[in-house]
Amino acid sequence: MAENLNKSDFSLAYEFSHYLSDMSCMTMMRLPYGKRCMMATEVKHCEQIMNIFNYFRMMYCSFNIHDKLTEICVVLLFILICLAFLELMSSSIRLFFTPALKIVSVWLHMNEYLTGVTLLSFGNAIPDIIGNLAPIRANAAIFSIVVGNALVIILLSGGMICFLKPFKLSGPSTTRDLLFLLLSVELARYIILYGGKVTIAKSVVMISIYMIYVSINIIDLLILRHGIRKLRRELHELLSRPPGAERDQEIAEKRHLIYLLKIHDEMIITDTSNFRRKLAERRRLIRGAGVNVSFFTTSKSVDHHERVDFTATGKMLHDERNPKNLYLFSDFLGSLNPIDMEEWQLAGWCWRSYLIIGSPLVFLLLLLIPYVDYEKEKHGWSKLLNCMQVIMAPFFYMVLVHSLIVDEYNGWYLILQFSHAKWSFLLTVPLAIAVFVHSRTDVPPFYHIIFVGLSFTISIVNIWVCTCEIEVLTSVVANVFHISSNFMAITFGSLTIAAADIIANATLALQGYEKMVFAAIIGGPLLNNIMSIGMSLWYNESVRQVGKASPLYGYHGENCYIFIMITIVGTLCWCLTFNFFIRRSAGIFLWLIFLLFFVYTAGMEWGFVHGFNDDLQRDPQ
């Protein structure tokens, strides 16, 4: 009898354990506070959706929360942690990804537009793609999340560029990009709702759209450069003819055409330091003259594309008579200064406060990641620091990535894995010694381009880690406040992720790369839409049956679809109305559409308005 009871108890315990292992971590809020620590510990899903920290264990096991007030205080702490990760991601983009992006595009002989739709779009979209493919979104409404992200980028970031920087868009390129975005949204909606059984072939068709899009942009650039070469040959032939009024007119026309085409062909590294000084002086003169500039008035377009001779900036301090290790330690300490002194002098009190608050995180980044910028003297080369980074950066990031892949926790924090990273010293230590022996302090070595690749790669890893952590934090906050994860993802989550893009895009636009930025504002959401939805349909085996893909559309899916249609058509309308000239009124128009989208989505979430989606109709039994 006792033996049968023990077997029965064991069977019940096993079934309960199996039941817990299959539960979702998001159901934790339905339990009383005393049971949540056990839930966070036993449910496997709680570990699968976390990254560096297990926030549920931290809340209900370490902090031992037993009341709502304490829970809210801890959530506020999590919001501060989320802001710290956002600053880390923003600094990685601003200090390392953006300068490396410009260098890579110059080395690859790309123009601004192609750089925008490829490299910058990739940099802007990779956080969204990684976040959408994270385990926490395995069964999420991916369509509404992706389209919500696109709305935030186009309406907020695009509106910001329209407001900050007047310039003329390339009409054919902008129209083509908007129509490709329209095609990707319509195709994704058709596959999910009306395409029947979702197959891998349909996913491949979805993904291939971006390949076709990039190919068309490359062919467009090749045709442009072929046209420039053809015009130059014709100009050379005209110059060999006898002088005459007709010949001179043709020469002037050819030169003007070459000038117009070269505007779309060039990708230069601009002198942003000189531009910042001129902009600060201009603002000072405007304030001193008491000029009242209207909020709605489009400022005059000023050409500030002053080319940086990056060969000269690399060698400006070089002298063969100098010792190889001249100012070795002072150069090392100066390179670790987290605040740019020129930026500090030109900034107001608000931006200076931001620089002070973010300086500890910037210091850590400068310590680990090689800083390469062709605008700076010696291209940012610091002999001692860069030699140390040859050892530290691979070791640190191998430990981080390996730990995230293994995904083992000691309580609420990730267990660091050193088993693979320790072998990196066999390669990096001799390499660092060789670099130290060979290089000089007053000029970067000829292999400095390798540090560009290292900086570019590490900045992408930083973006990936920060994005995943922000996604987890926003989901935890939404769960605590009983907000649907779908609403949180397409509103506050999208705003959080887009903040880094807005900062990077605004910075690049003010530096003179406005065409690149606007291309990325359309190309980034296009890449995110195609890759996030295409890859989700590829790997999600639950959509292989007819009608099983419809949950990917989501409750807010139709709302997002209607507003992305309004955005695309509205953008085409104002582009055609203004002859593709950017104006402040266009930026305000985009901001108003976003405000309407946010208010309507919030009204749907809280039951004040009915969505565009159809009500479910059930036949009476």
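K378 and D331 are both buried in this predicted model. Their side chains meet in a salt bridge, with nitrogen and oxygen 2.8 Å apart. K378 sits in the loop between α15 (349-368) and α16 (383-406), while D331 belongs to helix α13 (residues 328-335), so the pair ties together parts of the chain that are 47 residues apart in sequence. In general, side chains of opposite charge can pair when their charged atoms come close.

T441 touches both partners of this salt bridge, K378 and D331. T441 is found in the loop between α17 (425-438) and α18 (449-480). Its relative accessibility is 4%, and because buried means under 20%, T441 counts as buried. The side chain of T441 reaches the backbone oxygen of L326 at a distance of 2.8 Å. Leaving aside residues up to four places away in sequence, the other residues that T441 touches are P323, K324, N325, L326, L328, W381 and K383. L328 and D331, two of the residues in contact with T441, fall within the range of helix α13 (residues 328-335).

The residues on either side of T441 in the numbering form a salt bridge of their own. The side chains of R440 and D442 meet with nitrogen and oxygen 3.0 Å apart. D442 is buried at 5% relative accessibility. R440 is buried as well, with a relative accessible area of 13%.

Another salt bridge joins R176 and D177, here at 3.8 Å from nitrogen to oxygen. What is the relative accessible area of D177? The value for D177 is 0%, so the residue is classed as buried. R176 counts as buried too, at 17% relative accessibility; the cut-off for buried is under 20%. A search of the whole structure finds 11 salt bridges. Some of the charged residues are joined in a network, in which salt bridges link R36, K68 and E71.

The numbering next leads to T175 and its distance from a residue far along the chain. The C-alpha atoms of T175 and L576 are separated by 9.5 Å, although the two residues are 401 residues apart along the chain. L576 lies in helix α21, which covers residues 557-577. The side of the classification on which L576 falls is exposed, because its relative accessible area is 60%.

From here the account turns to the cysteines. A disulfide is a covalent bond between the sulfur atoms of two cysteines. How many disulfides does the count come to? The count comes to 1 disulfide, and it joins C37 to C61 with a sulfur-to-sulfur distance of 2.1 Å. The torsion about the S-S bond of C37 and C61 is about 115 degrees, so the disulfide is right-handed. The pair links distant parts of the chain: C37 is in helix α2 (residues 33-42) and C61 is in helix α4 (residues 55-62), 24 residues apart. C37 is partly exposed, with a relative accessible area of 25%, and C61 is also partly exposed, at 27%. Two further cysteines can be placed by their accessibility. C73 counts as partly exposed at 45%, whereas C350 is exposed at 52%.

On the surface, a nonpolar patch is made up of F63, L76, L77, I79, L80 and L83. Together these residues have about 540 Å² of accessible area. L76, one of the patch residues, lies in helix α5, which runs over residues 68-107.

The remaining values describe the chain as a whole. Its secondary structure comes to 22 helices and 2 strands. Of the 621 residues in the protein chain, 51% are buried. The protein chain exposes about 30,400 Å², and carbon and sulfur atoms supply 67% of that area. Among contacts with a separation of 6 or more, 79% are between residues 24 or more positions apart. The salt bridge between K378 and D331, which ties together parts 47 residues apart in sequence, is one place where the reader can see such a separation in the model.

How values were computed: Residues are numbered from 1 along each chain as its sequence is written. This is a predicted model: local features need pLDDT of at least 70, side-chain atom pairs count only at pLDDT 80 or more; totals for chains, interfaces and linings use all residues. Side-chain values use heavy atoms; hydrogens and water are left out. Helices (H or I, at least four residues) and strands (E, at least two) are DSSP runs, numbered from the N terminus. Buried means under 20% relative accessible area, exposed over 50%, partly exposed in between (1.4 Å probe, protein chains only). A polar contact is a pair of N or O atoms within 3.5 Å; within protein, one must be able to donate a hydrogen and the other to accept it, and residues adjacent in sequence count only if both atoms are side-chain atoms. Contact means heavy atoms within 4.5 Å. Patches are made of residues with over 30% relative accessible area and no salt bridge: like charges are joined within 9 Å, nonpolar side chains (Val, Leu, Ile, Met, Phe, Trp, Tyr) within 5 Å. Accessible areas come from the Shrake-Rupley method with a 1.4 Å probe; for residues, only the protein chains shown count as cover. A salt bridge is a side-chain nitrogen of Lys or Arg within 4 Å of a carboxyl oxygen of Asp or Glu. A disulfide is a pair of cysteine sulfur atoms within 2.5 Å.
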